[in-house]
Amino acid sequence: MIDEMTTVLEPSPLPDFVETEYIKDITKRALSYIKAGFPVHFRGPSGTGKTTLAMHLASKIKRPVVMIHGDEEFTTSDLVGGEYGYRIRKVVDRFISRVLKTEEDMVKRWVDNRLTVACKYGFTMIYDEFTRSRPEANNILLSILQEKMMDLPVGRGGEEPYLRVDPDFTAIFTSNPEEYAGVHRSQDALRDRMITMDLDHFDYDTELAVTRAKSKLSKPDVEMIVNVVRGLRESGKCEFAPTIRGCIMIAKTLKVQNMTPSHSEGFLKMFQDILASETSRVGSKTNQDRVKEIVRELVAKELGIGKTIDVGKKAAESAAAIETVDSKKEKKESESLAGVSG
Ligand SMILES: Nc1ncnc2c1ncn2[C@@H]1O[C@H](COP(=O)(O)OP(=O)(O)OP(=O)(O)O)[C@@H](O)[C@H]1O
Ligand SMILES: [Mg+2]
């Protein structure tokens, strides 16, 4: 029992959590699905707040939480439980006190894993990035979500070969889209048993509020950062769109260095380092140079007139200009990239 309990988290509000209209709306809808008895699944690109939202939702449900992270190496027993280790017994001879015998008996001990614990006690389970586990490891979830029954392996003992899932049990899932590296296709049957909410990058107000909360930077400085990152994202010219993590990294770096936005080379380089690294998987030079050039233009524009009105359009123009210069080279590169990811 104590072993089981060590993996359980207390539901508590997250530090620095920001609740904008956008977040409130998603939370409200998700809670209504859960109330109706359906598991909720947040699906979306990296940095769209899925894990944070799942934890926020769990804190609203107010039941203890168990968290599972999807893993390629997972088997069903990593979720359900298994026979782990064996017991060691010390035997003291009462008649000759100097005799101390250690006996190892080979009785294996069954230990329930997190999914079984959550089903048994009616806890909230967050299964983060569940499509990183192989589909067959997740099959156990089919009957849990539909029949509210959990099949138990014979080794566990007990009178019944199955466990009745506690009515308070709630499941929240998150996943990245299928084109991400290391992600399996989710089974149709499993997806069919949950309500999937597709998330996209945050709206402007939320991106601003989250970056401010995380960095404690002034509003105009945060606005400047968010404008540049959103401009780069909307340009559509990155291998990976920059996420809110880029905004947070830049803002925190500015804060610790006690820097303010300026025309200095150091300020621009910091933007370029962070955004070029965040948006590229293989680090190809052409991609990085292109991103750096767009960032240079966006930063210059922000510093020049203070507030950007048509950042997306400007970024698209500058990207188009760059594209015509090295379009041939670029085409080759994207072909080879497609080869890698396919
Ligand atoms: N409502 C919020 N309030 C405060 N911070 C937030 C909020 N939503 C997201 N964040 C922050 O934004 C960042 C990205 O969020 P999160 O990790 O939840 O994204 P994700 O979609 O799970 O990304 P990934 O797919 O890469 O796991 C984190 O640093 C997180 O702390
Ligand atoms: Mg996540």
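This is a short dialogue on reading a ligand site in a predicted model.

Visitor: Where does ligand 1 sit?

Guide: Start with the protein surface, then place the ligand. Here, ligand 1 sits in the largest pocket. That pocket has a volume of about 450 Å³.

Visitor: Which residues lie nearest the centre of the largest pocket?

Guide: Look at the lining. It holds 22 residues, and Gly49, Thr52, Phe202, Ile244 and Arg245 lie nearest the centre.

Visitor: Which element gives the most to that lining?

Guide: Helix H3 does, with four residues. H3, H8 and H10 each supply at least two.

Visitor: How do the residues of the lining divide by type?

Guide: Into 10 nonpolar, seven polar and five charged.

Visitor: Now the ligand itself. Which residues come nearest to ligand 1?

Guide: Read the shell around it. Of its 19 residues, Ser46, Lys50, Thr51, Thr52 and Arg245 come nearest. The shell divides into seven nonpolar, seven polar and five charged residues.

Visitor: Which polar contacts should I look at?

Guide: Look for pairs of N or O atoms within 3.5 Å. Take the backbone first. An N or O atom of the valine 18 backbone is 2.9 Å from a nitrogen of ligand 1. A backbone N or O atom of threonine 48 lies 3.1 Å from a ligand oxygen. Then take a side chain: an N or O atom of glutamate 129 is 3.2 Å from an oxygen of ligand 1.

Visitor: How much of the accessible area of ligand 1 does the protein cover?

Guide: Compare with the ligand on its own. Alone, ligand 1 has 630 Å² of accessible area, and the protein covers 87% of that.

Visitor: Which elements give two or more residues to the shell around ligand 1?

Guide: Helix H3 (50–61), helix H8 (204–215) and helix H10 (244–256).

Notes
Residues numbered from 1 in each chain as written. Chains lettered and ligands numbered in written order. Predicted model: local features only at pLDDT ≥ 70, side-chain atom pairs only at ≥ 80, totals over all residues. Heavy atoms only, no water. Near = heavy atom within 4 Å. Polar contact = N/O pair within 3.5 Å; in protein donor to acceptor, adjacent residues only side chain to side chain. Areas by Shrake-Rupley, 256 points an atom, 1.4 Å probe, with all protein chains shown as cover. 1 Å grid on protein atoms, 1.4 Å probe; cavity = no way out; pocket = protein on both sides within 12 Å on 5 of 7 lines; lining within 4 Å. Sits in = over half its atoms within 2 Å of the grid points. Nonpolar A, V, L, I, M, F, W, Y, C, P; charged D, E, K, R; others polar. Points joined across faces, edges and corners; volume = space filled by probe spheres on them.
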